[in-house]
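Me: I have a structure open and would like to go through it step by step. May I put some short questions to you?
Reply: Certainly; please show it and begin wherever you wish.

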Amino acid sequence: MTTPRVEITDEGLAEAAASLVEKLVGDAAASKLAGQDPTLWGPDAEPEASKRLSWTLLHNTSRPLVAELDALRRELHEDGVDRVVLAGMGGSSLAPEVICATRSGAEIGGAYPLVVLDTTDPGQVSDALAGDLSRTVLVVSSKSGGTVETDSQRRIFAQVFEANGIDAASRMVAVTDPGTSLGDLARDQGFRRLVEADPGVGGRYSALTAFGLVPSALTGVDVGALLDEAAEAAPALARDAADNPAVVLAAAMAAAHAAGAEKVVLADTGSGLVGFGNWAEQLIAESTGKQGTGLLPVVVEGPEAPGFADAGPDATPIAIGPAAGGARVSVTGSLGGQFLLWETAVALAGRLLGINPFDQPDVESAKQATRDLLAAAGSGDGAGTHDDAPVLTDGPVEVRVAGSAEQAGWLGSPATLAAAIQALVDATPEAGYVAIQAYLDRLDDASFATLRPELAKATGLQVTFGWGPRFLHSTGQYHKGGHQNGTFLQVTGSVADDLAIPGQPFSFGTLEHAQARGDAGVLAAPKNGRPQGDVTARPVLRLHLADRAAGLVAVANAVREVSR
Ligand SMILES: O=P(O)(O)OC[C@H]1O[C@H](O)[C@H](O)[C@@H](O)[C@@H]1O
C-alpha cells in the first residue's frame, strides 16, 4: 500500500501555499475535521456540516458491511446471478465505477465488471437491458430515494425482468438513506436486500459508505482492502502538520485560486487508478462551486492533452500519479487513501475559500426546470419534440440558443455551424471556459469526448466535457454557482428507438430532452448571484444532431475551423 503523498512541484505555488499551510496547521483544522467539528466553515454552514461529517471515520464504521456484502454476493452467485447493473446518479455511482474499473485492472474507458447506468439516453438504457437478465442483479442506489433517472431505470428493469419471467424484486438491491420512499418500496415489494446507508455522509463523500461498497462488493471487489487503504492514510490526514498531504493539497488549490487560477486540470500520470478524475470532479465542483467562487475541475485525457502542460495562469495542472508533463502538483496514493485524501483536502479548501462544502444550492434549479417542461408537455410527448425553431440548420446539425433573443445577442447571425461555434468561443471571457455537455450514449457515442481536446487545442481555452444528464449531478452546480465565466455547448441527438418509462407519462427520450432544455434555460437565465438584467452572461449554444454519426463528423469539422 502507498500512503498518500502530495508534492507541489512549482516553486512559486509552493511558496504561496506555505502561508495557507501554516494557517490550517495553526487552526488545527485537520484534527478538528477528523474529529468531525462542524464549526470549521462558519456559523451559516454549521447546521448542514453537523449532519455531513461521518465520512472521516468510514474506514472503521463501514467495516460491518464487508462480511454482510460478501454473504450477499455468495447468495446471488449460488442463484447464478453475477452480472451487476448499477442504477444511480452522481455520488451514487461515480465511486463504484472507479473502484470496479481500478480493481479489475481495466484501461481508462475499458471493460470492467459493473454496468453503470447513470443516463436517460434510450439507447444506453436499452443496451443495459439487453444483457443476460437471467444473471443480472440491479443495484438501485439513491441517497434521497427520489432521483428521477434512478427511479426511471428501476421501473424499466422491473418491467423487463417480469416480462422475462423473472421475479423483479428478487433481483433488486436498494441502497438508500433511512426513511426514504425507495426504502419503503424495497420493503413493500420485498427486494432481495435493502441496505441503509449512513445518513451522516453526503453523496459526494460517500465512496466508502454502502453507496461505494455495495455494487463494488457484488462484483467481487475486496472492499475490506479498500477500507484498509483509507485506514492506513487516515492518521497522516488528521495531523496538524505541514506535511499532512490533505493540508498541502488544500493550500495549493486555495493559493492558486487566490492568484487567479480557479481551474484545476486533472490528468492521470500513471496512478494505477482508473477514471479517478471523474469522481474527484464531482467532489471538487459540487463542494466548492457556489456563491460566485470555487474550483472548476477540468478532467483531461492525459498529461499531453491540451489544457494540461500548456495551462495558462487561470489553471493549475495536477497530476494524479507521479509528477509529469508540466504538473504543478502531484498526488499519489492508494485508491482508498486518495478517496479520503481528496475529501479531506476539498473540505479544508472549502474553509479557505469561505464556502460551505456540503451543500449544492444550485442543483435543484435544473431539476425543477425539467419537471416544468415535462408538466407542460401534459400527457407526455411534447417536451422532446416541440422545441424552438432552429436558428440555422447546417447538414445534420440543428443550431439553437437558449434564452431570449436579447440574452442570445452574442450569437449574431451565423451562416454556418462553424460560425455559430466561433460566436460562442468569442463570447467566452478572457480566462473563461467552455463546457461541452453531451446528452448522448456515453458508450456508443464515446467518440464525442474527442471534441474536448479538439476545442481546447483550437482555442487555447480550458474546455470541460460532461455527459448529460450525468454532469448535472457533478459539475452542474459549479456552472450555475461558481465563477461566472463559462459558456456552454450543448449537444443532443436523435433517438432511434425511444423507450417508455413504466408508470410515467413521459419516455426516456422525452426526459433526456427535457433535461437538456431545462438546464439550458436555467443557464441562460440571469439568476444565481448575477445581477438581474445581466443579459449577456452564460451563452448557451444548443446543437441537435438529426443523425448522431454524421453530426459528430460535422461538429468535429466545425470545431477545427474555430480559432481564438
Ligand atoms: O443519491 P441521490 O439522492 O439519488 O442523488 C444523486 C445526486 O443528486 C444530486 O444531483 C446531488 O447534487 C448529487 O450530489 C447527488 O450525488
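Me: How many bridges join β13 to strand β15 (residues 486–493)?
Reply: Please note at the outset that this is a predicted model. Seven bridges join the two strands, and β13 and β15 run parallel. One pair to look for is Val 434 with its bridge partner in β15, Thr 487.

Me: And which way does β14 run relative to β13, parallel or antiparallel?
Reply: β13 and β14 (residues 462–467) run parallel and are joined by six bridges. Gln 437 of β13 has Gly 466 as its bridge partner in β14.

Me: What helix goes with those two in a β-α-β unit?
Reply: Helix α18 (residues 451–459) does: β13, α18 and β14 together make a right-handed β-α-β unit.

Me: Is β13 mostly covered or mostly open?
Reply: Strand β13, residues 433–439, is mostly covered, with seven of its seven residues buried.

Me: Which residues sit on each side of it?
Reply: Tyr 433, Ala 435, Gln 437 and Tyr 439 are on one side of β13, and Val 434, Ile 436 and Ala 438 are on the other. Both faces of the strand are covered, since the residues on each side are all buried. As a general point, side chains in a regular strand alternate between the two faces of the sheet.

Me: Changing topic: why is β2 called largely enclosed?
Reply: Strand β2 (residues 83–87) has four of its five residues buried, so the rest of the structure largely encloses it.

Me: Which strand pairs with it over five bridges?
Reply: That is strand β4 (residues 136–141), and the pairing with β2 is parallel. Within it, Arg 83 has Thr 136 of β4 as its bridge partner. β2 is also joined to strand β3 (residues 115–117), by three bridges and again in parallel. There, the bridge partner of Ala 87 is Leu 117. With helix α6 (residues 94–103), β2 and β3 make a right-handed β-α-β unit.

Me: Now the sheet with β7 in it: what is the strand order?
Reply: The order is β1-β10-β9-β7-β8, five strands in an open sheet with mixed pairing. β1 (5–8) and β8 are the edge strands, each pairing on one side only. From one strand to the next, the twist averages 25°.

Me: How do β7 and β9 pair, in the parallel or the antiparallel sense?
Reply: Strand β7 (residues 263–268) and strand β9 (residues 315–320) pair in the parallel sense, over six bridges. Val 264, for instance, has Thr 316 of β9 as its bridge partner.

Me: Which strands does α13 lie across?
Reply: Helix α13 lies across β7, β8 and β9, and runs at about 165° to β8.

Me: Last topic, the domains: what are their bounds?
Reply: The domain assignment gives domain 1 as 5–37 + 233–353, domain 2 as 57–227 and domain 3 as 363–561. The C-alpha centres of domain 1 and domain 3 are 29 Å apart.

Me: How many residues of domain 1 and domain 3 are in contact?
Reply: 20 residues of domain 1 are in contact with 17 residues of domain 3. On the domain 1 side, α13 (276–288) and β8 (296–299) each supply at least two residues. α13 gives the most to that side, with four residues.

Me: And what kinds of residues make up that side of domain 1?
Reply: The residues of domain 1 that touch domain 3 divide into six nonpolar, seven polar and seven charged.

How values were computed:
Residues numbered from 1 in each chain as written. Predicted model: local features only at pLDDT ≥ 70, side-chain atom pairs only at ≥ 80, totals over all residues. Buried ≥ 20, exposed ≤ 12 C-beta atoms within 10 Å, placed from the backbone. Pairing = 2+ DSSP bridges. Right-handed = clockwise from strand over helix to strand, strands pointing away. Domains from an automatic or database assignment. Contact = placed C-beta atoms within 7 Å. Nonpolar A, V, L, I, M, F, W, Y, C, P; charged D, E, K, R; others polar. Axes fitted to C-alpha atoms, helices over the stretch in contact; angles between N-to-C directions.
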